[in-house]
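User: Hello! I am new to reading protein models, and I would like a close look at one part of this one, the nonpolar patch on its surface. Could you also show me how that part sits within the whole chain?

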Amino acid sequence: SLLLQEHDGAGSVDFRAFYGRRMRRLLPASVATVAAVVVIAAVSNVFDGVVGLRTQAVGALLQVSNWVLLAGDTSYQDLLAQGSGAVSPLEHFWSLAIEEQFYWLWPPLVALLLTRIEARPSRTRVVGAVTLAAMAAAPVIAYVWGPDAAYWATPARLGEILVGAFLAFVLTGA
């Protein structure tokens with residue numbers, strides 16, 4: 001909705017300001033968390049049972065934790081059973097990674113949509129169709145690539161985020 005309001009008010013989207021706001025809001029806490037985990041791991045044995053902590057730290061900093069987990073030895077089943085060793089203090093970064101990956105692409109796509117399609121109902125229909133396609137892709141991804149991909153792969157989780165984006169279009173009348 002912030003993108004839509006900015007476009008309605010200014011006639012365009014200031015990407016630099018948008019991404020600057022996101023970085024100021026999320027990056028300091030993320031970097032501080034990863035740094036604290038790295039320091040604690042270096043000076044103690046608290047995280048000795050966590051497999052691949054260094055790789056997870058890099059994935060968290062680069063906002064690709066979901067793909068690191070998907071490519072690693074941990075599975076969705078292991079998370080539920082918590083039977084594969086110590087729980088990683090960086091495990092929760094997978095969901096932040098998916099959100100950030102979405103925001104790498106969504107603002108430019110919204111700006112393109114807003115400049116190419118004049119009619120507001122048509123814009124909403126386009127976003128609705130994209131949302132439905134993403135939601136339909138999730139079970140296909142689960143079927144073809146398995147539950148781990150359904151849990152961690154960005155395309156499998158886009159439908160959830162796009163529902164919010166679609167609601168923004170509906171509620172703002174964009």
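Analyst: What follows starts with the whole chain, moves to the patch, and ends with some helix pairs elsewhere.

Before we begin, please keep in mind that this is a predicted model. The chain has 174 residues, and 34% of them count as buried. Its secondary structure comes to 9 helices and 0 strands. If you walk along the chain from the N terminus, you therefore meet the elements in the order α-α-α-α-α-α-α-α-α. Along its principal axes, the C-alpha trace spans about 60 × 40 × 20 Å.

Now to the part you asked about. Which residues make the nonpolar surface patch? They are Met23, Leu27, Val31, Val58, Leu61 and Leu62, and together they form a patch of about 520 Å². Two elements, α2 (15-43) and α3 (53-61), each give two or more residues to this patch. The element that gives the most is α2, with 3 residues.

Let us pick out one member of the patch, Val31, which has its place in helix α2. Is Val31 buried, partly exposed or exposed? Its relative accessibility is 39%. Buried means under 20% and exposed means over 50%, with partly exposed in between, so Val31 counts as partly exposed.

Just along the chain, the loop between α3 and α4 (65-71) holds Gln63. This residue is worth a glance: Gln63 has a positive phi of about 60°, although it is not a glycine.

To place the patch in a wider setting, here are two pairs of helices that cross. Helix α6 (residues 93-116) and helix α9 (residues 154-172) have axes that come within 10 Å and cross at roughly 50°. An angle of this kind is neither under 35 degrees nor in the range from 65 to 115, and α6 and α9 are therefore oblique to each other. The crossing of α6 and α9 is right-handed.

Helix α6 also takes part in the second pair, with helix α1 (residues 2-10). The axes of α1 and α6 come within 11 Å and cross at roughly 40°. That angle makes α1 oblique to α6. The crossing of α1 and α6 is right-handed.

To retrace the path on your screen, find Val31 in helix α2, then look for the other patch members, including Met23 and Leu62. After that, go on to Gln63 in the loop between α3 and α4, and finish with α6, whose axis crosses that of α9 and that of α1.

Definitions and conventions. Residues are numbered from 1 along each chain as its sequence is written. This is a predicted model: local features need pLDDT of at least 70, side-chain atom pairs count only at pLDDT 80 or more; totals for chains, interfaces and linings use all residues. Side-chain values use heavy atoms; hydrogens and water are left out. Patches are made of residues with over 30% relative accessible area and no salt bridge: like charges are joined within 9 Å, nonpolar side chains (Val, Leu, Ile, Met, Phe, Trp, Tyr) within 5 Å. Accessible areas come from the Shrake-Rupley method with a 1.4 Å probe; for residues, only the protein chains shown count as cover. A salt bridge is a side-chain nitrogen of Lys or Arg within 4 Å of a carboxyl oxygen of Asp or Glu. Helices (H or I, at least four residues) and strands (E, at least two) are DSSP runs, numbered from the N terminus. Buried means under 20% relative accessible area, exposed over 50%, partly exposed in between (1.4 Å probe, protein chains only). Axes are lines fitted to C-alpha atoms, for helices over the stretch in contact, and angles run from 0 to 180 degrees between N-to-C directions. Angles under 35 degrees count as roughly parallel, over 145 as roughly antiparallel, 65 to 115 as roughly perpendicular and the rest as oblique. A crossing is left-handed if the near helix is turned anticlockwise from the far one by less than a right angle, and right-handed if clockwise.
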